[in-house]
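Open your viewer and get ready to select residues by number. We will go stop by stop, and each stop tells you what to pick and what to look for.

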Amino acid sequence: MHVRNIVILTGAGVSAESGIDTFRDAGGLWEQHRVEDVATPEAFARDPDLVHRFYDMRRAAIQTKQPNAAHAALARLDREWPKKAGGEVLIVTQNVDDLHERGGALNVLHMHGEHLTAWCAACDARHRWTGPLSHRPPCPACAAPALRPDVVWFGEVPYRMDEIFAALREADLFVSIGTSGAVYPAAGFVRAARDLGARTLELNLERSQGSAWFDETRLGPATEIVPAWVDEMLG
Ligand code: OAD
């Protein structure tokens, strides 16, 4: 099939070799913390201090990490593919770190939000935010002490689904990288892409839960298999 438009879904496995914990691998974040304690709207209502401290730590930690060879390779594809093939690349990431952007990628959509954005529950404004939130700083727009992490919690609706499905409809190739396929709706993109006629490729350390839905699976660390695939695509 002639490939023009590519949609790439990324997950925690892309950032693992930058030193950011994944969620479901041995020692992953959801082994260290209960989702119900730190990643639901109910948890935030019950114990906002705990939730803020958790995200303050994560926000501080990601700023000490650097993009790796997988982020760099995807950024190269993002920049060079339109010239080579006349099509588009969209990176849909479940990651809340900014390593795709710091790696140089331009077309990145954060469906689960971003650590480096604060969202005001009083006035709905969003602000770039690199410091802590646990001391309840005032919203720069409305001054209410109502900022929360701009991260999609369990039970909340992921961002920009319309744009994602519009891109899937136009995609010739769907590539899933470093994600376990455990969390919907992202886990369902592969089937949607297939139904809409795209070829599907999985790049992961191990087979994901939805592995059977992919036309092809390549296994290995992201810093090795992603640059190799990008080299192949760019010839
Ligand atoms: P998971 O922790 O569920 O899965 C990470 C995947 O990356 C696993 O399949 C690993 O095998 C793979 N992996 C680990 N190291 C890798 C490496 N070096 N190279 C390639 N692959 C590697 O993380 P996600 O699938 O991203 O949502 O999790 C999805 C969502 O669940 C997250 O966005 C988060 C979480 O709960 C929210 O917080 C809303």
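Start by selecting the strands and helix that pack over the buried residues of helix H8 (161-170): among the covering elements are strand E1 (6-10), strand E2 (89-93), strand E3 (108-110), strand E7 (173-177) and helix H9 (189-195). Helices (H or I, at least four residues) and strands (E, at least two) are DSSP runs, numbered from the N terminus. "Covers" here rests on contact, meaning heavy atoms within 4.5 Å. What you have open is a predicted model, where local features need pLDDT of at least 70, side-chain atom pairs count only at pLDDT 80 or more, and totals for chains, interfaces and linings use all residues. Residues are numbered from 1 along each chain as its sequence is written, and side-chain values use heavy atoms, with hydrogens and water left out.

**Stop 1: the two sides of H8**

Which residues of H8 are buried? Select Met-161, Ile-164, Ala-167 and Leu-168. Buried means under 20% relative accessible area, exposed over 50%, and partly exposed in between (1.4 Å probe, protein chains only). Now look down the axis of H8: its buried residues fall within an arc of 125 degrees, so they line one face of the helix. That arc is taken from the directions from the helix axis to the C-beta atoms. There is a handy rule behind this: an α-helix has 3.6 residues a turn, so residues three or four places apart point the same way. Next, colour Asp-162, Arg-169 and Glu-170, the exposed residues on the face of H8 turned away from its buried side.

**Stop 2: two domains**

Give domain 1 (6-20 + 67-112 + 158-234) and domain 2 (25-64 + 115-151) a colour each. These bounds come from an automatic or database domain assignment. The C-alpha centres of domain 1 and domain 2 lie 26 Å apart. Eight residues from domain 1 and ten residues from domain 2 take part in the contact.

**Stop 3: the largest pocket**

Select Ala-12, Phe-23, Arg-24, Thr-179 and Ser-180, which are the closest to the centre of the largest pocket out of the 47 residues that line it. The volume of this pocket is about 860 Å³. On a 1 Å grid over the protein atoms alone, a pocket is an open set of points with protein on both sides within 12 Å along at least five of seven lines; a cavity is a set where a 1.4 Å probe fits but cannot get out; lining residues have an atom within 4 Å of a point. Grid points are joined across faces, edges and corners, and a volume is the space filled by probe spheres set on the points.

Helices H1 (12-16), H2 (29-32), H5 (48-62) and H10 (222-234), together with strand E8 (199-204), each give at least two residues to the pocket lining. Each of the two domains supplies at least three. By class, the lining has 24 nonpolar, 16 polar and seven charged residues. For these classes, Ala, Val, Leu, Ile, Met, Phe, Trp, Tyr, Cys and Pro count as nonpolar, Asp, Glu, Lys and Arg as charged, and the others, Gly among them, as polar.

**Stop 4: two cavities**

How many cavities of 30 Å³ or more does the structure hold? There are two. The largest cavity has about 90 Å³ of space, and its lining includes Leu-9, Phe-174, Val-190 and Phe-214. E7 and H9 each supply at least two lining residues there. Seven residues of that lining are nonpolar, five are polar and none is charged.

For the second largest cavity, with about 70 Å³ of space, select Ser-15, Asp-21, Arg-58 and His-115, which are among its lining residues. Domain 1 and domain 2 both give residues to this lining, so the second largest cavity lies between them.

**Stop 5: backbone details**

Zoom in on Tyr-184 and Pro-185, joined by a cis peptide bond with omega of about 10 degrees. Pro-185 sits in the loop between E7 and H9. Then move to Arg-160, which has a positive phi of about 60 degrees although it is not a glycine. Arg-160 belongs to the loop between E6 and H8.
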